[in-house]
Amino acid sequence: MFGERKRKARRAKLAHPDEGVRVYAKFFMSHKITLIPGDGIGSEVSQAVVRILEATGLKFEWETVQAGAEAYEKYHEYIPKELTESIERTHVGLKGPITTPVGGGFASINVQLRKQFELYANFRPVRNLPHIPTRYPDVDLVIVRENTEGLYSGLEHEVVPGVVESLKIITEKASTRISRFAFEYARNNQRKKVHAVHKANIMKLSDGLFLRCSRKVSKEYPEITYGEHIVDNACMQLVMNPYQYDVMVMENLYGDILSDLCAGLVGGLGLVPSANLGDGCAIFEAVHGSAPDIAGKNLANPTALLRSALLMLRHIGEPAAALKIRNALEMVYRDRDKLTKDVGGKAGTSQFADSVIEAMGAESLADAGATTGKGTSSTRAD
Ligand code: ATP
């Protein structure tokens, strides 16, 4: 009996008889993901990314629920209970950008979701894509942004007419937790340095506490060099020499600002991904916002959300699919005409997605040629 299974496995080129069961299980297994399409360019970029993910051959069960102004029209809630229940069920979300009204209106849905699900770490890898001209090639750094407090606490009030107060909340618990996240990431990913970014010379109590927590955590990681830069200096240093940084950890607002600055270093907001990570669940979204200026025009670059989806694939245990898309993406980036306008191309959002899907087909053929030395795959998947 076992001999027969072994022979069948050999005929099917499987390494072990049980491999067949694993391949079979994988073939039929589908990943349940909560999809929040978002608004502005959200629906365009999410549709493009979903198409690319499905073209990998993996099976997904999308639980699609909207949030923000569009959700309000349907459910009379900005974060409908259907969305909360879905994330509690799937533990993984892929989210397009959601517009936050400026200077009034409802509170940021992005911030509320991060708080509601205790997604305390915002992980933002910043890397160049090949063939996109930028001031610096081969930038490779990671921003770790505290996601639940700081000036994003939403605690503002008018003290007397003409005077308002905005509270910046910094706690020992959240500062220690985010610093530990940054150092653990550095240790597990062969990163050599962690810089804490702060303004403790002015905000002596709040940023002072953040810094004390970072220093204390750094002592547990003697193999990693620890540095501290004041936020304004960090901005200048990034523009002058981004290579000096490896992992940067900071509180909420500094993370927001430095992320956009770093996006500019590697070709713009259309390219940079992020993951909101907590102990129980994770939501993957692009660094950029809903870009209302280009919404509905088939102009948006879906690369940032796609790269966020690659982080998601690794998170759900599908690194091979992530690698396949990443290689296809790099292939597409060799041909300027296939790119969207923000990075100098002529293609629309959906044509760009078509090119990535087509390149995935070519990539599979290249894989087949890998044994003859014709394969082009690289091994990094994000
Ligand atoms: P938020 O504060 O909500 O993050 P933001 O102020 O950073 O938003 P965005 O909506 O991200 O603003 O847009 C900033 C600029 O970048 C806009 O001009 C927009 O067109 C451009 N942009 C953002 N995302 C993309 C994208 N995916 N493709 C092309 N251009 C983009």
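**Entry 1: the ligand and its backbone contacts**

I began at Ser290, where a polar backbone atom is 3.4 Å from an oxygen atom of the ligand. I keep in mind that this is a predicted model. Next I looked up Gly289, and here a polar backbone atom is 2.6 Å from a ligand oxygen atom. For Asn301 I noted a nitrogen atom of the ligand, 2.9 Å from a polar backbone atom of that residue. Then I asked myself how much of the ligand's accessible area the protein covers. On its own the ligand has 620 Å² of accessible area, and the protein covers 63% of that.

**Entry 2: who surrounds the ligand**

How many residues surround the ligand? I found 13, and the closest are His288, Gly289, Ala291, Asp293 and Asn301. I sorted the shell by character: five residues are nonpolar, five are polar and three are charged. I also checked the pockets, and the space that the ligand takes is the largest pocket.

**Entry 3: Ala291**

Ala291 was on my list of closest residues, and I wanted to see its backbone too. Its phi is positive, about 40 degrees, although Ala291 is not a glycine. I traced Ala291 to the loop that runs between strand 12 (282-286) and helix 11 (303-315). Is Ala291 buried or partly exposed? Its relative accessible area is 22%, so Ala291 counts as partly exposed; the cut-off for buried is under 20%.

**Entry 4: Glu118**

I looked up another positive phi, this time at Glu118. The value is near 55 degrees, and Glu118 is a residue other than glycine. Where does Glu118 sit? I found Glu118 in the loop between helix 6 (109-116) and strand 4 (121-127). Its relative accessibility is 37%. Partly exposed is the label for Glu118, because 37% falls between the 20% and 50% cut-offs.

**Entry 5: Ile170**

My last stop was Ile170, in the loop between strand 7 (163-166) and helix 7 (172-188). Is Ile170 buried or exposed? I wrote down buried, because its relative accessible area is 14% and the cut-off is under 20%. Then I asked which distance in space separates Ile170 from Ser206. The two residues are 36 apart in sequence, and their C-alpha atoms are 5.6 Å apart.

**Looking back**

I have three loop residues in my notes. Ile170 is buried, Glu118 is partly exposed and Ala291 is partly exposed. Ala291 is also one of the closest residues to the ligand, and that ties my third entry to the second.

Key
Residues are numbered from 1 along each chain as its sequence is written. This is a predicted model: local features need pLDDT of at least 70, side-chain atom pairs count only at pLDDT 80 or more; totals for chains, interfaces and linings use all residues. Side-chain values use heavy atoms; hydrogens and water are left out. A residue is near a molecule or strand if one of its heavy atoms lies within 4 Å of it. A polar contact is a pair of N or O atoms within 3.5 Å; within protein, one must be able to donate a hydrogen and the other to accept it, and residues adjacent in sequence count only if both atoms are side-chain atoms. Accessible areas come from the Shrake-Rupley method with a 1.4 Å probe; for residues, only the protein chains shown count as cover. On a 1 Å grid over the protein atoms alone, a cavity is a set of points where a 1.4 Å probe fits but cannot get out, and a pocket is an open set with protein on both sides within 12 Å along at least five of seven lines; lining residues have an atom within 4 Å of a point. A molecule sits in a cavity or pocket if more than half of its atoms lie within 2 Å of its grid points. Ala, Val, Leu, Ile, Met, Phe, Trp, Tyr, Cys and Pro count as nonpolar, Asp, Glu, Lys and Arg as charged, and the others, Gly among them, as polar. Helices (H or I, at least four residues) and strands (E, at least two) are DSSP runs, numbered from the N terminus. Buried means under 20% relative accessible area, exposed over 50%, partly exposed in between (1.4 Å probe, protein chains only).
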